[in-house]
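Trainee: I am new to this structure and would like a close look at a single part. Could you take me through how chain B holds its two domains against each other, and then how chain B meets its neighbours?

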Amino acid sequence: MKHVIIGNGIAGVTASEAIRMLNGTADITMIGDEIFPPYSRPMISHVLDGSQPHDKLPIRSEHFYDDLKITPLLGQRARGIDVDNRQVELADGTRVDFDRLLIAAGADPRPTQAEGLDLKNIFYLRTQDHVKQQTTALAGARRAVVLGGGLVGFKAAYGLLKRGLSVTMLITSGYPLSMQVDATAGRMILNELVCHGLKVEVGVSVRAFEGNGTVRVAVTDTGTRLPCEIVIIGKGVLPARDFIPKDKIDADLGVLVDDHLQTSVPGIYAAGDVAESVDIARDCRWVNALWPEAAGQGRVAGLNMAGRPVAYPGSLSRNVMRVFGLDVLTVGNADPIEDAGYRVVRSSGADRHFYRRLVLKEDRLVGAVMINGIEQGGVLRALIENRTPIRLPPETLIAPGFNFGQLLY
Amino acid sequence: MKQVVVHPERCVGCMQCMLACATAHSRSLMLFAAVQETPQPKARIHVGAGCFNEGFPNRCRHCDPAPCQMACLAGAIYRSDSTGTVMINPDRCINCASCAMACPYGVIRFHEDPLGPAGHAIAVKCDNCSARVAKGQIPACVEICKAGALTYEEMDTAMRRKNRAVARSMSTDADPPVMPAGVALLKSIKQSELQLSGS
Amino acid sequence: MFDPGKSLSITQDGDRLIAKARQDGIETVWERHEAQQPQCGFCDMGLSCRICIMGPCRVDPFGEGPQTGVCGADADIIVARNLCRMIAAGAAAHSDHGRDLVEVLAGVADGTAVGYKIRDEAKLKRLAEEYGVATGDKNPLAISGELAQAMMEDYGMRRKAVKMVARAPKKRQEVWEKFTLTPRGIDRETSEMMHRTHMGVDNNWQSLLLQGLRNALSDGWGGSMIATEVSDILFGVPTPRPTMVNAGVLKEDQVNIVVHGHNPVVSEMVSKVCQSPDLIDLAKEKGAAGINLVGVCCTGNELLMRRGISMAGNHLMSELILSTGAVEMMIVDYQCIMPSLGKVAGSYHTRMVSTSDKAKFPHMEHHEFHPDNAEKKAVEVVRSAIENYVNRGKVFIPVAPQEAVGGFSVEAIVGALGGTPEPLIDAIKAGKIRGVVGIVGCNNPKIKHDYGHVTLTRRLIENDILVVDTGCVSVATAKAGFKVPAAADMAGPGLKEICNALGIPPVLHMGSCVDNVRILVLVAALANALGVDISDLPVAGSAPEWYSEKAVAIGTYFVASGVTTHLGPMPPITGSMNVVNLLTAGLEDVVGATFAVEPDPEKAAVFLRRHIEDKRKALGLDVRSV
């Protein structure tokens, strides 16, 4: 049995481990453009903010491929999939046979349009290589511009603030993380960042970057000139699915998978940031491009590929982050469109450092936001993920003393 | 292999396990000295209030597979091969709280710990008292529990005992499982009080 | 389990002020109660023992862990010792309060208690005669000196029995003699209780509990009774008078001074100086319309009973009253004063003043009142309260005040009946009034604030049972509107008829918690008039929301006096079913009365009605089925 895995991010890694766990002898080939040992992608923001050294990024041994008897084909991307002949075509023209294929190609930063993007010190924040260049560029940098207020933009801005830079963040909504949290939590996060020196420009975009080889100024569409020595473009990611033959393999924003993570083609699976599965909280197809999701999907895909049928319950958006003095945890559909049968329960009170918001649909919890006191967040996540009917008054779930024991009756 | 088995119906909510746990994870290993330590050792077992304000001892189940281990960004959470205990490597932990999101029981806390690196917070949870067990002692929470809510035994033994109790209660000529009269009385009074404490 | 959405008080002022306190970031008793959950089951069952340091010990209620303490005491002994120490503490609190009044009485006699005087010479003489003090045409000051000395002997060991035991019906005294329950000296019984519960003394749980009864009787017919009677001598016997209750008694345009605690010695003096024209002028100078003195808790009840001074709230309202932001000063003496109050006051301009050498609190100014300096001190603190008026911020007074009538001392009740208890006895015999229940005791965050008091009272009066109340209960029922003559409409037809005929409410305010002895005196008078024992009467006691050791002592002296008593919250005794069974059943054969525990006031009402009908049946009176 020849297993081929496109992508050596966390989905590819956990898939290969699952296959090897069930089958000691099957051929496993991994294709990936990063040659660095398997590492923790979310940790790159901890490297950017200076709390962790770059050399702590690897989360598997440098002998990972040898230890698991995997054939690595690194340093290049897949260029295409020949579904009929069950072959993967690489950038250099090599063709690799497969019996089972996993598409775990991940995602790429969403590009932006502006003049002067070729200047030095304008970065994306996606790979260990990006962060390595950024930490080098930090020397001598005092001012930064960050494009985007989503997860990537927020993490970039937070990291640079922690490094002591003066940061201007350009966002479209009135507050950062508008896809992850509701307005109340968003403003709490914004206040915390602003208290630590962040400047925010709402509703503007960058028209051009200027500089002499290296970026010096970002010019907005309103004509404002923002001096800067470093720019990070953090406008989110897009599934890396350009090489997928859409006439053969069903794809939408991502590659569509069934409840065993198999694509429309038998024997071809997809997992991680490139896969579009059913979102448990939203009850519709969704790409949850998140590392813990990718780790879980990779494992399930690997088990299925190795012949053990394991159902995948669906994906769930989730994020946990520390923002100076605020711990923020958000899960599921935390800020749905109103009047769509959702019920929202919020904590009240004047304490600006404690906030809870639950979103319910009928008797099920579908979303939650917590600010500080996040220890029970996993309990709420499990309630959403398992579609557990909530028998307690929802108010008790947001009380400070809520604990697992209360769910036992 | 022996492990800590929780019998929540026996918990009287005295929280002595929390004191014993914090002491067992201090530098001095003595209660009176431990409370003076900086950083303060903290309990890794948490007695919460259940629906009727009864005690509920909540501790790490050392799940297999462990969701916290799969979610750990830094690869700091691992399973000890010899004991099956899910452990957190304090030097690898980056205090990102991804494990808080993963843990369905809510048993992980984040703080500076006497047994961790100085000066910054890390994720902390039950380690099955591995240091005590290595010395031939039983886990501290079990040792101090005088109500039988925490036992240290083979899971099979505990299951067999429970099965027998259920089987006895279901056979036609057997008495129902006996809860001591005083315990039952207090329990019913407390439930009644709780209903009257507000509506 | 905490549900932040639920309402914690049945009162409108309570609920609104809880919301206000939360908004102001004030932590109250409810948050602290929540933070204590789960509460320790060993302690809740009475199975933990800290009496000696071979321990501390605890007994496993499930029967597998340790079954005795280090000394060998089993669950019965440990539970009994713990309960007995609660009785001792409660008896000590009331009796020490009484002692302070006896000292004032002695001070009035020798001229050192400046500003205090004998207000009721007739009562002084009645008491003196009971104590065997010759009165004749002696000067009242001389009588009070001798009476004070005689009462001091009640506290010691020179008597076979405390004097006022003689007020109990003969049959009751015989019961006490038979089971050696007659209290010999007030301090003696408490001391002996503490001695017996020391490691290695009394290890028979029955005899421990019997000493507990004797200790409680030394409070009921001793220390507390002295406290009430001497208060009446010094400050006057209460008579019915109108008053106002709830948080609405605070005035937006006046200097609000709140007295909180139990003993009238301080609050009476504060009330006196608040009338001073100089101080009223000062208040006006500061822009206030006047000085508004109000009470919280039992010292408030003392003032309400004798002066008609308004009552702002009971135990669970004490923190909330401060969150109105309208209180210039709270003056406290002792008992039931939450140590949190100083911190709560810190969020507002309120100044907190402690007055007793026995009771100091964090974040309070201490101005020690003694009988010889009380008047001077009262002027000082009231003056600084007035000066604090200008520091007032935003004020939130949540409701308009409720009218009520208080002041039903036994003398006043007999007076209302036309000088004799006969009309009441006739009404009971005729079945118009089925019986009398004394509802007493505290608030407890374990029960929704005032729910137990008000629900039980409503059910009893609806069923033609006259309710007399004291302490925190009396505030709850007054706020609920049961204490105006028109409330007779809420009573059953028989009780309504009697109330309307006499012009009294169906719920009679008999005073503070030491004034529970007024209920003893009342039931003794009824029993004597009928020629029966107290335990034969269609009467009962109830403490639906009790929390304190004093309440344990009160409940125990009620039961030991023959009054079956209902408790809302469970005392810490379930670790020993022997103790539970003795207190809830076995005592019937000893003192003709028992305890009953039932948190739900609806069910408690049924129990109490049944009990009363049973007693009526035994007396050969008509019986209703319940």
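Mentor: Let us start with one pair of side chains in this predicted model: Asp113(B) and Arg44(B) form a salt bridge, and their closest N and O atoms are 3.2 Å apart. The count of salt bridges between domain 1 and domain 2 of chain B is one. On the domain 1 side, the residues that touch domain 2 divide into four nonpolar, seven polar and five charged.

To place that pair, look at how chain B is divided. The domain assignment gives domain 1 as 1-59 together with 128-199, and domain 2 as 61-125. The centres of these two domains of chain B, taken over C-alpha atoms, are 22 Å apart. Where they meet, 16 residues of domain 1 are in contact with 17 residues of domain 2. Together the two domains of chain B bury about 1,400 Å², and carbon and sulfur atoms account for 52% of that. Arg44(B) appears again here: with Arg59(B) and Asn128(B), Arg44(B) supplies 35% of the area that domain 1 buries against domain 2, more than any other three residues. Seven residue pairs, both at pLDDT 80 or more, are in polar contact between the two domains of chain B.

Now step outward to chain A. Here 33 residues from chain B and 33 residues from chain A take part in the contact. The two chains bury about 2,600 Å² between them, with 63% of it on carbon and sulfur atoms. On the chain B side, Leu73(B), Ile94(B) and Met101(B) lose the most area to chain A, together 27% of what that side buries. Across the interface of chain B and chain A, the rule finds zero salt bridges, while 11 residue pairs (both at pLDDT 80 or more) are in polar contact. Several elements of chain B give two or more residues to the side that touches chain A: β2, β3 (55-58), α3 (67-71), α4 (98-102) and β6 (109-111). Of these, α4(B) gives the most, with four residues. By class, this side of chain B has 21 nonpolar, seven polar and five charged residues.

Next comes chain C. In this contact, 33 residues of chain B meet 34 residues of chain C. Chain B and chain C bury about 3,000 Å² between them, 64% of it on carbon and sulfur atoms. In chain B, the residues that lose the most area to chain C are Lys146(B), Glu193(B) and Leu196(B), together 22% of what that side buries. Two salt bridges are counted between chain B and chain C. Glu64(C) forms a salt bridge with Arg10(B), and the closest N and O atoms there are 3.0 Å apart. There are also seven residue pairs in polar contact between chain B and chain C, both residues at pLDDT 80 or more. The elements of chain B that give two or more residues to this side are β2 (46-49) and α8 (181-196). Between them, α8(B) gives the most, with 11 residues. Sorted by class, the side of chain B that touches chain C has 16 nonpolar, 11 polar and six charged residues.

You can follow the trail one step further, into chain C. Its domain assignment gives domain 1 (12-58), domain 2 (75-235), domain 3 (247-391) and domain 4 (405-618). The centres of domain 2 and domain 3 of chain C, taken over C-alpha atoms, are separated by 29 Å. Each of these two domains brings 17 residues to the contact. The area buried between domain 2 and domain 3 of chain C is about 1,400 Å², of which carbon and sulfur atoms give 51%. His97(C), Tyr116(C) and Phe235(C) supply 40% of the area that domain 2 buries against domain 3, more than any other three residues. Three salt bridges are counted between domain 2 and domain 3 of chain C. If you would like a pair of side chains to find on screen, Arg306(C) and Asp232(C) meet in a salt bridge, at 2.7 Å from N to O.

To come back to where we began, the pair to keep in view within chain B is Asp113(B) with Arg44(B), joined by a salt bridge.

Key:
Residues are numbered from 1 along each chain as its sequence is written. Chains are lettered from A and ligands numbered from 1 in the order in which they are written. This is a predicted model: local features need pLDDT of at least 70, side-chain atom pairs count only at pLDDT 80 or more; totals for chains, interfaces and linings use all residues. Side-chain values use heavy atoms; hydrogens and water are left out. Contact means heavy atoms within 4.5 Å. Buried area is the accessible area (1.4 Å probe) that two parts lose on being put together, summed over both. A salt bridge is a side-chain nitrogen of Lys or Arg within 4 Å of a carboxyl oxygen of Asp or Glu. A polar contact is a pair of N or O atoms within 3.5 Å; within protein, one must be able to donate a hydrogen and the other to accept it, and residues adjacent in sequence count only if both atoms are side-chain atoms. Ala, Val, Leu, Ile, Met, Phe, Trp, Tyr, Cys and Pro count as nonpolar, Asp, Glu, Lys and Arg as charged, and the others, Gly among them, as polar. Domain bounds come from an automatic or database domain assignment.
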